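Me: Hi! Could you walk me through this one? I'd like to start with how the chains meet.

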Amino acid sequence: MKNRLMENVNNFIMLMEKKKSVKFSVYGAVFLVMLIIPKIGLPMFMVRIMTMIGMYVILSMSLNLITGYTGQVSIGHAGFCAIGAYTSALISLNFGTNFFITALLGAVVAGIFGLLLGLPTLRLSGTYLTIATLGFGEVIRMVILNWESLTNGPLGITKIPRPVFFGIELTSLNGGLYYLVWILVIITTVVIYRIIRSKMGRALMAIREDELVSKLMGIKTVNLKIYAFIISAFFAGLAGSYYAHMIRYIDPNTFTFDTSIMIISIVIFGGMGTIKGMFLGSALLISFPEVLRFLQEYRFVVFGLILVLMIRFRPQGILGGQSRRDYKMPKGVNLEKIMKEG
Amino acid sequence: MLFQQIFDGLTLGMVYALIAVGYSLVFGILRLVNFSHGSVYAFGAHIALVVAVSMQWGIFPALVISIIFTGLLGIMIDKISLKPLREKKSKPIAALITTIGVSYIIQNLLMIIFGSHSKWFPKIFDYGIIKLGDISINSTQLFIFLVSLLLLVFLTIIIQKTKIGLAMRAVEQNPKAAHLMGINVNYIISFTFFLGGASAAIAGTLISGYYQVVYPNMGFIAGLKAFSAAVLGGIGVLYGSVIGGLVVGLSESFAVSYFGGGYRDAVAFVILILVLIIRPKGIFGKKEITKV
């Protein structure tokens with residue numbers, strides 16, 4: 001039963017990858033459905049869940065860049081989120097700046113911290129790095145908690161203004177927040193997709209497979225790992241600042257270790273090193289506590305189980321595994337001709 | 001005052017050392033940071049809570065029962081979650097993520113079973129205050145210090161003087177060669193997990209008796225501090241963990257009195273990150289050579 005299901009899924013993915021027309025019609029249909037979701041009178045909470053899914057797609061995609069593609073496990077990603085959220089919220093409250101500028105600033109500041117966290121990767125690898133990221137996340141939380149003059153300490157920041165787009169306040173009611181997050185998702189997806197399909201992306205994957213070998217091949221592993229951290233932190237900060245302006249209230253307990261675990265669960269569940277997996281993983285893991293209400297209490301236990309069971313039985317995640325796409329030869333290389341001539 | 005701070009720090013440090021030893025032992029053998037160790041520690045404290053408070057059996061039975069159950073939990077974690085990965089020869093990252101998942105499961109199950117609020121735990125070894133001239137020593141602290149010291153000595157004797165300790169050191173150096181010499185590697189690994197779990201249970205009971213509270217999340221911060229201690233001393237080196245634990249305990253005690261209680265937990269992380277940046281292998285750590 002399970003194998004049949006997996007086979008069907010695999011066949012479908014293969015069909016999508018092989019045939020352009022199938023691929024584009026599926027994507028087009030999904031796009032259209034996504035476009036009309038806030039307008040067809042669905043209950044408010046469903047639109048809200050869709051919005052949260054969008055936010056977690058950004059977060060998991062950003063973590064995927066360092067964990068899925070570069071092989072550096074980070075469990076302090078909530079720290080970047082918190083930095084982005086607090087930066088953006090404080091700037092917009094104190095200076096009344098528009099969301100689109102503050103979100104960018106929040107993301108940039110998070111990126112700078114990504115650089116700071118990326119620097120230890122000069123000397124750390126594997127487990128040590130993971131611990132450093134965990135420590136980083138906790139230190140950020142403690143600084144936010146104790147720096148009361150700036151962050152208002154444990155009371156948090158309230159009345160953060162909603163995003164305003166050319167005079168229109170974006171709310172859940174007019175669907176503005178929903179469209180905004182999915183536009184951010186599209187931007188993130190395009191950027192990450194372009195990165196992993198570039199020379200840098202291939203270098204990152206080489207680092208994941210074997211750091212020593214890639215170093216010997218002349219890849220500047222240290223620089224690349226730091227770049228990956230900066231980009232990842234940037235998008236995590238973006239998602240964090242979006243969250244701050246959506247919920248309009250943040251406190252030090254908004255982004256905790258639980259958030260980090262949730263993000264890494266999505267990455268592993270969906271499939272490390274895939275982009276589609278991040279969408280699927282976020283959709284399943286964010287909606288499941290809502291769908292299975294009776295499991296509410298056991299929600300976090302289930303996240304733990306997902307981590308353990310996925311790693312044990314399907315380490316590549318639901319959509320992970322080897323791509324079945326034919327290898328595309330560079331322009332001007334004709335394999336058959338070469339084979340014939342020997 | 002200064003003496004009091006030093007003594008507070010040493011007491012805490014000894015308990016951190018006990019937890020740190022658990023990290024160190026497992027790391028030595030599996031080259032794996034056992035993330036679930038913090039929650040194992042919390043589990044130990046909760047077992048002691050059940051025996052000492054709910055069943056009113058007193059503190060010593062609580063210690064013994066907690067050691068047995070927590071040790072068994074350690075073995076179970078290894079057998080159920082880590083052994084299959086070893087047999088599949090998964091990447092190290094897989095085992096790491098698995099232990100994170102396990103820690104999450106244990107911590108949240110504790111929360112569901114016992115509730116997330118703090119529970120009262122009786123003060124242990126309370127024989128009043130001992131006066132030595134101007135200096136007054138809290139007997140609880142003194143006993144915690146002595147018990148931890150005794151256990152650390154006991155652990156060292158196990159590892160250095162007994163046959164099973166010899167086998168543990170052999171597995172640490174080279175599991176394959178040890179296996180060829182007729183050592184049951186899986187048994188040794190299980191035994192190591194038992195030792196780690198047992199020391200965590202003792203540390204959990206002692207710390208609960210010192211602060212007089214137990215709560216499911218207690219393992220998170222304590223585990224991280226102990227991990228900082230283990231890394232500081234050189235993970236995989238037993239006496240390194242002790243020194244590291246003492247340093248972390250002392251600096252925590254000083255930080256509380258000079259910067260205020262808000263920074264109590266931050267010190268360990270600052271130490272951790274500094275050590276990781278300046279000297280990742282720790283003070284007494286051996287440098288590992290990467291063979292191609």
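Reply: Happy to; we can take the interface and then chain B on its own. Keep in mind that this is a predicted model.

Me: Thanks. How many residues does each chain bring to the contact?

Reply: Chain A brings 37 residues and chain B brings 42 residues.

Me: And how much area do chain A and chain B bury between them?

Reply: They bury about 3500 Å² between them, and 80% of that is on carbon and sulfur atoms. On the chain A side, Tyr128(A), Ile131(A) and Arg312(A) supply 18% of the area buried against chain B, more than any other three residues.

Me: Which elements of chain A give two or more residues to that side?

Reply: They are helix H6 (126–146), helix H12 (257–270) and helix H14 (299–313) of chain A. H6(A) gives the most, with 12 residues.

Me: How do the residues on that side divide by type?

Reply: The side of chain A that touches chain B has 25 nonpolar, six polar and six charged residues.

Me: With charged residues there, how many salt bridges are counted between chain A and chain B?

Reply: The count is zero salt bridges between the two chains. For polar contact, the count between chain A and chain B is two residue pairs, both at pLDDT 80 or more.

Me: OK, switching to chain B. How many helices and strands are there?

Reply: Chain B has 11 helices and four strands. Its radius of gyration is 19 Å, close to the 19 Å that the globule rule gives for 292 residues, so chain B is as compact as a globular protein of that length. Along the principal axes, the C-alpha atoms of chain B fill a box of roughly 60 × 45 × 35 Å.

Me: What share of chain B is buried?

Reply: Buried residues make up 56% of the 292 residues in chain B. Among contacts in chain B with a separation of 6 or more, 75% are between residues 24 or more positions apart.

Me: I'm checking backbone angles too. What is phi of Arg31(B), and where is Arg31(B) found?

Reply: Phi of Arg31(B) is near 55°, a positive value in a residue other than glycine. Arg31(B) is in the loop between helix H1 (2–30) and helix H2 (37–54) of chain B. With a relative accessible area of 39%, Arg31(B) is partly exposed.

Me: And Gln56(B), is it buried or exposed?

Reply: Gln56(B) is exposed, because its relative accessible area is 63% and the cut-off for exposed is over 50%. Gln56(B) lies in the loop between H2 and helix H3 (59–88) of chain B, and its phi is near 60°, again a positive value in a residue other than glycine.

Key: Residues are numbered from 1 along each chain as its sequence is written. Chains are lettered from A and ligands numbered from 1 in the order in which they are written. This is a predicted model: local features need pLDDT of at least 70, side-chain atom pairs count only at pLDDT 80 or more; totals for chains, interfaces and linings use all residues. Side-chain values use heavy atoms; hydrogens and water are left out. Contact means heavy atoms within 4.5 Å. Buried area is the accessible area (1.4 Å probe) that two parts lose on being put together, summed over both. A salt bridge is a side-chain nitrogen of Lys or Arg within 4 Å of a carboxyl oxygen of Asp or Glu. A polar contact is a pair of N or O atoms within 3.5 Å; within protein, one must be able to donate a hydrogen and the other to accept it, and residues adjacent in sequence count only if both atoms are side-chain atoms. Ala, Val, Leu, Ile, Met, Phe, Trp, Tyr, Cys and Pro count as nonpolar, Asp, Glu, Lys and Arg as charged, and the others, Gly among them, as polar. The radius of gyration is taken over C-alpha atoms; the globule rule is 2.2 Å times the number of residues to the power 0.38. Buried means under 20% relative accessible area, exposed over 50%, partly exposed in between (1.4 Å probe, protein chains only).
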